Each structure stands twice: as structure tokens, then as C-alpha cells.
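Q: Please take a close look at one part of this structure, the helix that carries a salt-bridge pair and packs against another helix, and place it in the context of the chain around it.

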Amino acid sequence: MKELVCNRECTPAEPANKKRKISHKMPSLRSRMSPSGIYQFINNPTNKPSDNQILAIKQMGFEGLLHLQTDTIPGNLVYWLVSTFDPYKGCLLDGNLPILEEDIHACMGIPMGPHVVDEAPIGDKSPQFLSLLEDFKSQYEGDLIDVKVILRKLSTQIDGGDSFKRNFIVYIFSSFLGGVKGNKASLRILKSISDTSLISEYNWCNFIKKKLAEQVLSWQKEEFSEEKTVKENWFGGPIMVLVFIYLDRCVFMVRTVSRQYPTLSTWTKKAISKRIQDELKSKNSFGHGSVEGGIVINHKPLPKIELVQSSKPTIVSEQHPMPKKVIPSVLEEEDKDDRDRNNVPTSSQVNNVFVDKLVSKANNLAKAFVEYKSVASEALNKLPSSEVVCKMVADVDGIAYGFNLSQQSKSDEENEGKDNEEDHVVHTDKVVENVLRDVQENENVYSVKGKDNVEDHVVDTDKVVE
């Protein structure tokens, strides 16, 4: 029998304990809307923004961009985001993560004002717009202005004036937050920034949301078309907005980056890279985290309401702040001969101040007892046999009645021979007395539709002051 000979060289088998390298390569996408330019402008070690430039950026309401922590686009995450984003509903993750104006404001820290950003129509020949266009172009050579040229121009305008502000807005919406596929600046936005003092009053978040939807729709039609005409389909929308919202709102496993306003201030280049690696190693794709709510933003210290017998202040919503009431000081020095006597508060004005304070305390006291009534009733229903609960409720009710009777007796004594202002105090005590009596007798007077509800008592108290 003829012996068969194999001439092929055989490679030795791999050791059993050797780990095979798993590839997590995914499609990547490039975009003209990159954070690199604005990041370099803010963090240029040799030519940092001047104090006037920083002040101008803050005046326009774009202070959040000063905290940008990355200059690159995560191409594989971007491809997935643009591929799965629903431009019609404006959401990710099959509708579980809607992209709202509030989300854009929270992640970018830019204005969400009452006015709509209005771009000039293509080919606008109106005298007002042509004047703006001519004035802006006079800084540069040629009709088509490269965004890099504008960036260099920004570095020279250290005064932070109107010209700097217009250049800044045109630049960021032509290179980072707008909808431009090429590298030329879009000047149609000049229509909304003719008056630079009103820039912070525009809803730039709504403008970004529209540009995002428009560019995603355009990209998806080209990318997934059966007759694709371009080899590499660049994306021209504000993609980093989508990146920051996804990283913040969709938590993978556990939250590794602290939440802070604006979101872009916490997601560094390193943190973004680690998050992407963690997702790809575990699931080999994106979108497997749990969706959390948006950031609650407190822009300014909120006014506080002092509550009776409570150490916890009630915070008033920032959207409806308490109006500041200007009360003349009664502690001014009285030995100044040149004081304007007309500005010194009269005894009547001073008394009114204390009447206001008493009415405020009475209102707070009434509200506190209403809350106590609800908690006490629930406690008695759930723990009817508890001696501690029953004794505590009885003690508090006794204190309430004792306080009410003592105040009534005191006010009756002071009522004799007093003027009308002191009568107001007596009526205020009666308002509190009514509320306390209703609480003690367990009458159903706290319904919203009742004639003698708590709101009515509060209104009556205000009428006393009038």
C-alpha cells in the first residue's frame, strides 16, 4: 500500500487556557458638528478667553459650554444613536427615552427662553437681513466663510462686544450645535441675533431639537436607501446633545458618573470611552440600560417660607418665586437731623408690618394644624389600640385648645379702648380659632369645594389685612 504524505505545514494548537480576543468593532459615524473647536477655544493654554469674552458668553446664556470636558465624537455610539433615533417622535429606545427641550437645556446649559429662533429664508433679500449680512461679511474675505476662520476671529475679539457675540453664535451653530454638513458657516441665523442683548431670551433648545430631527431624517433616508449615492455619509446635526442625554439618562448597570448641571461638565473623554467599552463588552451593542428621569435644576437660591414649629423650610418653586416685599426699616438712627422726615415710617406703617407678620404666622399655624389633623386621623385609624398614639393626639389637641383659649382671653382684654388696627389682630385670632375648633370637632370643612374650607380662612385673613 502506498503511503500518503501530507506536505501542508500545520500550526500548533493554541493552549487551552489562552483567552481569545473578542472584537467589539461596530460601524462608526463622523460628523461636522464636533466639540473640538469650542473646546480648543475655551481651553487654549496660550490664548485663553479674556474676562470680557467670558462675561459676554454668560450674558448670552451659554455659560454651560464653558464647562465642556471632551473634544471628540464617539463614532460607534454616534452611529447607533443616529440609526435608532426616531425623528418623528423625537425619542430613543423605542419611545422610552423622549428627547425634550428640558433635556437639552440640562445637558448643554443653554437658554430655553420664550422667543422662537427664526432663521432667514434661503435667498432672503429683505433690506434688514441684507444689512446684517453685509455687516457680518465685512469682517472676512469672500461670501462663503469657513468656520475655522471664524474661530480664529473669535480669539482676537477680546473686548467681548457685539461683534464677538454674533461671531460666537454663528460659530457654535455652524460647527457644534446646528445642522450643517459642510465646513462653511450658516449665516441665516443672523436674523435672530441682530440685537445681541436678546440672545438669552431665545429658545435655543427648541432650535437644536428641530435641527437634530431634520438632520437625522436626512441621514437615515440616505444611509438606508437601496440606491445609496455616497460612500461615506457624514452626519450634520448636533449629535453631542444626543450623546450626553443618552449617557446621563440611560444608566448601564450602575451610575459611574455623578449627575450635575450641565451634564456636559461631568462626562470627560475618559468617562465616555469607559462607558462605551463597558456596554460593548457586556452586550456588544448599546441601549441596554435603565432609563432615569432628567436632572432637577436649581439655578438660583430659592426663597424660603418659615413654618411654625418646624425645622424644615418649605422651598418655593423657582418657576414661581415669592415676590420680594420692600418694608421700610424701623431701626434707622434717629439722631440724624438731615433725615428726610417723609421717608420715616409712621406708627401706622410700623403697626401694619406687625399685622402682616401676625397674619402670616396665623396662616402657617392653620396650615400646620390641617396637616396635623390628617396625620393624626391616619395614625388613629391604623393604630387604634396604641396608647402612645392616643395620648400624643390628646396632648396636642389639649395644647391647641389651651393656646386658642389663652389667645382669645388676652385679645378680649386688649380689645377694650384700642384702635382699629388692634381690632385686626383680634379678628385674626378668631380666624385661627375657627380653624382650630374645626380640627378639634372633626368637622368636614377641609374639602376643596366646602364653603368653610381652609382656603376660605386664608382668604378671610388676607381680607382682614386689607
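**Helix α8 and its surroundings**

A: In this predicted model, 39% of the 466 residues of the chain count as buried. The secondary structure of the chain comprises 14 helices and six strands, and among contacts between residues at least 6 apart in sequence, 73% join residues that are at least 24 apart. The part in question is helix α8, which covers residues 204-223.

The packing of this helix against another one comes first. Helix α3, made of residues 75-84, packs with α8 at an angle of about 95°, and the two axes lie 9 Å apart. Because angles from 65 to 115 degrees count as roughly perpendicular, α3 and α8 are described as roughly perpendicular to each other. On the α3 side the contact is made by Y79, V82 and S83, while α8 contributes V216, W219, Q220 and E223. Sorted by character, the residues of this contact are four nonpolar, two polar and one charged.

Elsewhere in the helix, Q215 is a residue of α8 that is buried, its relative accessible area being 13%. Leaving aside neighbours within four places in sequence, Q215 is in contact with G179, K181, F235, G236 and G237.

Charged side chains form a further theme of α8. Side chains of opposite charge can pair when their charged atoms come close. Within the helix, E214 and K211 meet in a salt bridge, with 4.0 Å from N to O. These two residues are three apart in α8, so about one helical turn separates them. Their surroundings can be read from the accessible areas: E214 is partly exposed, at 45% relative accessible area, whereas K211 is buried, at 11%. The pair also belongs to a wider arrangement, in which E119, R188, K211 and E214 are linked in a network of salt bridges.

The structure as a whole holds twelve salt bridges, and two others offer a useful background to the pair in α8. D103 forms a salt bridge with R249, with the closest N and O atoms 3.0 Å apart. This pair links distant parts of the chain, since D103 sits in helix α4 (residues 101-108) and R249 in helix α9, with their positions 146 residues apart. D103 is buried, with a relative accessible area of 10%, and R249 counts as buried too, at 9% relative accessibility. In another salt bridge, the side chains of R255 and D248 meet at 3.6 Å from N to O; here R255 counts as partly exposed, at 29%, while D248 is buried, with a relative accessible area of 5%.

Finally, there is the nonpolar core. The largest nonpolar core has 80 residues, and those with the most contacts inside it are F62, M108, F168, I169 and W204. The largest share of this core, nine residues, comes from helix α9, residues 239-249. Residue 204 is where α8 begins, the helix being residues 204-223, and W204 is accordingly a point at which this helix takes part in the core. W204 is also among the residues touched by F62, whose contacts, not counting residues up to four places away in sequence, further include I57, G109, I110, P111, F168, I169, I172, F173 and I199.

Notes. Residues numbered from 1 in each chain as written. Predicted model: local features only at pLDDT ≥ 70, side-chain atom pairs only at ≥ 80, totals over all residues. Heavy atoms only, no water. Core = buried A, V, L, I, M, F, W, Y, C linked by side-chain atoms within 4.5 Å. Buried < 20%, exposed > 50% of the residue type's maximum accessible area, 1.4 Å probe, protein only. Helix = DSSP H or I, 4+ residues; strand = E, 2+ residues; numbered from the N terminus. Contact = heavy atoms within 4.5 Å. Axes fitted to C-alpha atoms, helices over the stretch in contact; angles between N-to-C directions. Parallel < 35°, antiparallel > 145°, perpendicular 65-115°, else oblique. Nonpolar A, V, L, I, M, F, W, Y, C, P; charged D, E, K, R; others polar.
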